[in-house]
Amino acid sequence: MFTLAEVASLSDIQPTYRILKPWWDVFMDYLAVVMLMVAIFAGTMQLTKDQVVCLPVLQSTVNSKVQPDTAGKADFTTVETTTAQEEASMRTVSFGSAPTVTPDILLSRATSSQYQPTESGQELKKEQKDSSGRKTNLDFQQYIFINQMCYHLALPWYSKYFPYLVLIHTLILIVSSNFWFKYPKTCSKIEHFVSILGKCFESPWTTKALSETACEDSEENKQRLTGAQSLPKYVSTSSDEGSPSASTPMITKSGFKFSADKPMIEIPSVTILDKKDGEQAKALFEKVRKFRAHVEDSDLIYKLYVGQTVIKTVKFIFILCYTANFVNTISFEHICNPKVEHLIGYTQFECTHNMAYMLKKLLISYISLICVYGFICLYTLFWLFRIPLKEYSFEKVREESSFSDIPDVKNDFAFLLHMVDQYDQLYSKRFGVFLSEVSENKLRGISLNHEWTYEKLRQHVSRNAQDKQELHLFMLSGVPDAVFDLTDLDVLKLELIPEAKITAKISQMTNLQELHLYHCPAKVEQTAFSFLRDHLRCLHVKFTDVGEIPAWVYLLKTLRELYLIGNLNSENNKMIGLESLRELRHLKILHVKSNLTKIPPNITDVAPHLTKLVIHNDGTRLVVLNSLKKMTNVAELELQNCELERIPHAIFSLSNLQELDLKSNSIRTIEEIISFQHLKRLTCLKLWHNKIVSIPSSITHIKNLESLYLSNNKLETLPAAVFSLQKLRCLDVSYNSIAVIPVEIGFLQNLQHFHITGNKVDVLPKQLFKCVKLRTLSLGQNCITSIPDKVSQLLQLTYLELKGNCLDRLPATLGQCQLLRKSGLIVEDHLFDALPSEVKEVLNQDTSIPFANGI
């Protein structure tokens, strides 16, 4: 038995999937219901009234030859007439189920008439007129027996099973019409689609929120566009596109397009979407994205629908063909030969089927319904193959709205949308909103602004090392509008914000001079670009692919510092568009951290005014450096981790070079250092983290050298030539294999910073303490056993590292180093505790007063 809940669930199928049933499916469902009613009506009548009535067919009687006697002739004729009339009367009575008249009675009547042929002639004629019937010699039970036998023998099978065939055919057609709603591999997708479609149709984002947020203030936009300065011809300023590409330098606001003949709808003042509705809308975007990826990869639903339509068409043709052949078999009269003559005495019967007339009318009605059903099936097949249903275009939706980025879909996703269009095209239009990235970005913007208020952003503002107000936004869906209300912000960092948009409100941030875009291909409006072009001084761009670099970066004429961090190998040099650097007329510092094999020749566009060039490779060997010769004004040059084996000759032509950094290369020899004598302004040379074994004596020719960094190499000795550089103020030879500090170190009277940490020094020469200007002395991780008392001569010493040596004690004269404090003394705790109390007291004093006295 079916429960009430199970029966009720069957009625929910049609309302659930009604949006996927086009008019022909609905019409065919109604036709199937009518055919089902015909089958039930015919079956009911057949169960209650279906029967046949049969009568025997009598053989013709041959008149006997008699004598030509008048009286006898008359008598015989009379008997025959009476007999025929009585037999006819008997047939009529038998059909009407009246009391049976036996043949004996008829025989007695015939005999009596022979004895009174003349006297009762008038009475006999009257009796003949009153009585009618036909002599059959059958009783009532025999008629019932014959009727039952002839029902199965004489009545055609189609007359007996017509209602059941109609019922079976109708059930097959009903199942074929809804099979795609029940097949396991399609019903889940259809159910999911209907659920998402209903939510998309009812979502506030497609009604209230969408209409409020998509429409921008056109008057304000016009004012901003008017104030924007003209841009180069290759910069796109069109606002027709709803979703500009990442390569578009700047964008303009674009809202919905309204036709003149349509009334404008007043936009409510409240434009903030409820948080709950916003979260639901965001979840819908994600569901639609996943559903599209799941459904677009196959066309099973389409094939199944085509298959069931073909089955219905074949079924229609089959029913029509065989029904046309059997329609004439339904007749009112039938001849029956039961072959039971030994029981009844008759061989042939004439039968009537009392349901023949009604069944024939019902059959004609059924054939009419089937014909209509078949024509609809043929129309459905025509519709299925007339247009490509496995492709769906949102072209009209894109034309009518601002969402020009709604993608076309294919396969089962497209077929489902085509089916929905047959119900109501408004469903697919609203569904298309959730396929648009522009729409999703607008929703994200609303949710973002609702979450990131001015107060919350203010809490994330901090002070950086340069004592500037800095805001770092990480992994947001966009840039909150409240950011542009932080007018006192100096540095803005945007990281992993793929849909960042800089609006015209940035013009309020008059203090903003530094911008960081880390994996953030930001788009800017024209007014915002004008502001950035005139105010931005420093820009950091970190990217994975060159396509992430905003094209408007190369148009910032007042930009002074540009940092590019990403993949820029030699194959992609042309893609970066460095030829646009010629617009950066005020660029002073160019920092490129990449995997270059050569310096891009287009970098010479900024060579005349570039003062600092930094190239940090990831270990890729930098081979071609000829472009350096054109950078005559470069004062600082860094070529780090470029796998250089020698000092590039192109560097020697940089007459204005002041600082050279060749850190983390593979330089083994620096014999070319003699050529540095032509670089009269070179004051800082950094050759650290290389494989240098020795320092040539020709280093004495770099007379203006003030800083020399040779740490993390393979030096074993320090030649006396190094100590002939009288202007040397910083010498770093840490982490080498140096065992002895030459006594010539005393000649460096201007030395302020000396680092020899991580070597093999065991004795400190007394001449070291003649460098009275020393402020930093790093002697850690060596083999030093004692510190001379002359350390007290270093009155300007503020930092002394002794940790990691073989010291037993510290000299008490450390207390005479007026600027040295405990925080600047790096030693083991037990050595510091062994100092006299008065020395420790001096070292623990506040640094402000002694420092002032030292000055």
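**Surface patch, disulfides and a buried helix face**

In the predicted model described here, Val 372 has a relative accessible area of 34% and is therefore partly exposed, a class that lies between the 20% limit for buried residues and the 50% limit for exposed ones. Val 372 is located in helix H15, and its side chain takes part in a nonpolar surface patch of about 700 Å², which is made by Trp 23, Val 26, Phe 27, Tyr 30, Val 372, Tyr 379 and Phe 382. Two elements, helix H3 (23-49) and helix H15 (356-386), each give two or more residues to this patch, and of the contributing elements it is H3 that gives the most, with four residues.

The protein chain as a whole contains 855 residues, of which 48% count as buried, and its secondary structure comes to 24 helices and 25 strands. The accessible surface of the chain amounts to about 43,200 Å², with 54% of that area belonging to carbon and sulfur atoms. Among the contacts with a separation of 6 or more, 58% are accounted for by residues that stand 24 or more positions apart.

The cysteines of the model were examined next. With a disulfide taken as a pair of cysteine sulfur atoms within 2.5 Å, the count comes to two disulfides. In one of them, Cys 54 is joined to Cys 351, with the sulfur atoms 1.9 Å apart; the torsion about the S-S bond is about 110°, so this disulfide is right-handed. Because Cys 54 lies in strand S1 (residues 52-56) and Cys 351 in strand S4 (residues 349-353), the pair ties together parts of the chain that are 297 residues apart in sequence. Both Cys 54 and Cys 351 are buried.

The other disulfide is formed by Cys 150 and Cys 336, whose sulfur atoms are 2.1 Å apart, and with a value of -90° about the S-S bond this link is left-handed. Since Cys 150 belongs to helix H7 (residues 140-153) and Cys 336 to strand S3 (residues 333-336), this pair ties together parts that are 186 residues apart in sequence. Cys 150 has a relative accessibility of 1% and so counts as buried, and Cys 336, for which the relative accessibility is likewise 1%, also counts as buried. When the bonded cysteines are numbered in sequence order, the pairing reads 1-4, 2-3. Cys 684, by contrast, is in no disulfide, and the nearest cysteine sulfur, which belongs to Cys 730, is 7.7 Å away. With a relative accessibility of 9%, which falls under the 20% limit, Cys 684 nevertheless counts as buried.

Further buried cysteines are found in helix H9 (residues 184-202), whose buried residues are Thr 186, Cys 187, Lys 189, Ile 190, Phe 193, Val 194, Ile 196, Leu 197 and Cys 200. An α-helix has 3.6 residues a turn, so residues three or four places apart point the same way. Within H9, Cys 200 counts as buried because its relative accessibility is 0%. The length of H9 was also compared with its expected span: at 1.5 Å a residue, the 19 residues of this helix should span 27 Å, and the end C-alpha atoms are 27 Å apart, so the two values agree.

Definitions and conventions:
Residues are numbered from 1 along each chain as its sequence is written. This is a predicted model: local features need pLDDT of at least 70, side-chain atom pairs count only at pLDDT 80 or more; totals for chains, interfaces and linings use all residues. Side-chain values use heavy atoms; hydrogens and water are left out. Patches are made of residues with over 30% relative accessible area and no salt bridge: like charges are joined within 9 Å, nonpolar side chains (Val, Leu, Ile, Met, Phe, Trp, Tyr) within 5 Å. Accessible areas come from the Shrake-Rupley method with a 1.4 Å probe; for residues, only the protein chains shown count as cover. A salt bridge is a side-chain nitrogen of Lys or Arg within 4 Å of a carboxyl oxygen of Asp or Glu. Buried means under 20% relative accessible area, exposed over 50%, partly exposed in between (1.4 Å probe, protein chains only). Contact means heavy atoms within 4.5 Å. The expected span of a helix is 1.5 Å times one less than its number of residues.
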